[in-house]
Amino acid sequence: MDESGLIDWMTNILGGAATTLVGATIGRLMWHSGEVRKGQRRFFGPELLWEIPVAIGMAIIGEAIASYMGAGPTVTTGIVALAAYIGPRGAEVLLTKWLLRAKP
């Protein structure tokens with residue numbers, strides 16, 4: 001397997017857990033930056049501190065989803081970043097839609 005990608009490089013340097021947390025942090029920062037662009041919050045404000053537990057929680061959820069799917073390390077980091085980006089509210093909406101699709 002070719003290990004020349006960014007995620008593989010980060011995993012080799014930092015380890016898997018740190019790479020997962022970096023992915024989650026970047027996902028939350030992308031969402032936070034969008035809120036800053038919309039004028040909903042300042043970049044360096046107290047709201048930024050609340051993003052830390054959200055990033056960690058979404059990293060746990062993202063890793064669980066990736067493990068359930070049998071995804072490799074690179075895909076796992078992507079799923080974690082996506083989960084962190086959509087956050088708890090986005091995850092709730094997706095889960096609700098997925099659960100309701102099976103009902104007649």
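Visitor: At what angle do the axes of helix α2 (residues 16–37) and α3 cross, and within what distance do they come?

Guide: In this predicted model, the axes of helix α2 (residues 16–37) and α3 come within 9 Å and cross at roughly 125°. That angle makes α2 oblique to α3. The crossing of this pair, α2 and α3, is right-handed.

Visitor: How are α3 and helix α4 (residues 73–101) placed, and at what angle do their axes cross?

Guide: The axes of α3 and helix α4 come within 7 Å, with a crossing of roughly 125°. Therefore α3 and α4 are oblique to each other. The crossing of α3 and α4 is right-handed.

Visitor: Let us turn to charged side chains. What can side chains of opposite charge do when their charged atoms come close?

Guide: Side chains of opposite charge can pair when their charged atoms come close. For the count used here, a side-chain nitrogen of Lys or Arg must lie within 4 Å of a carboxyl oxygen of Asp or Glu. By this rule there are 3 salt bridges in the model.

Visitor: Which residue forms a salt bridge with R28?

Guide: The partner of R28 is E51, and their closest N and O atoms are 2.6 Å apart. R28 belongs to helix α2 and E51 to helix α3, so this pair ties together parts that are 23 residues apart in sequence. As for solvent exposure, both R28 and E51 are buried.

Visitor: Which side chain does R41 meet in a salt bridge?

Guide: The side chain of R41 meets that of E51, at 2.9 Å from N to O. This pair links distant parts of the chain, with R41 in the loop between α2 and α3, E51 in helix α3, and their positions 10 residues apart. R41 is buried, as is E51. Through salt bridges that share partners, R28, R41 and E51 are joined into one network.

Visitor: With which residue does E35 form a salt bridge?

Guide: E35 forms a salt bridge with K38, and the closest N and O atoms are 3.0 Å apart. To read the exposure of each partner, recall that buried means under 20% relative accessible area and exposed over 50%. E35 counts as buried because its relative accessibility is 14%. K38 counts as exposed because its relative accessibility is 57%.

Visitor: Is R42 buried or exposed?

Guide: R42 is exposed, because its relative accessible area is 54%. This residue is found in the loop between α2 and α3. R42 and H32 are 10 residues apart along the chain, and their C-alpha atoms are separated by 9.1 Å.

Visitor: I should also like to read the nonpolar surface. Which residues form a nonpolar patch there?

Guide: The patch consists of L21, L49, I52, I56 and I60, which together have about 490 Å² of accessible area. Helix α3 (residues 47–69) gives the most to this nonpolar patch, with 4 residues.

Visitor: Where is I56 placed, and in which helix?

Guide: I56 is in helix α3. With a relative accessible area of 41%, I56 is partly exposed, since that class covers values between the buried and exposed limits.

Visitor: May I restate the charged part? R28, R41 and E51 belong to one network joined by salt bridges that share partners, while E35 pairs with K38.

Guide: That reading is correct: E51 forms a salt bridge with R28, and E51 also meets R41 in a salt bridge.

Definitions and conventions: Residues numbered from 1 in each chain as written. Predicted model: local features only at pLDDT ≥ 70, side-chain atom pairs only at ≥ 80, totals over all residues. Heavy atoms only, no water. Patch = residues over 30% accessible without salt bridge, like charges linked within 9 Å, V, L, I, M, F, W, Y side chains within 5 Å. Areas by Shrake-Rupley, 256 points an atom, 1.4 Å probe, with all protein chains shown as cover. Helix = DSSP H or I, 4+ residues; strand = E, 2+ residues; numbered from the N terminus. Buried < 20%, exposed > 50% of the residue type's maximum accessible area, 1.4 Å probe, protein only. Axes fitted to C-alpha atoms, helices over the stretch in contact; angles between N-to-C directions. Parallel < 35°, antiparallel > 145°, perpendicular 65-115°, else oblique. Left-handed = near helix turned anticlockwise from the far one by under 90°.
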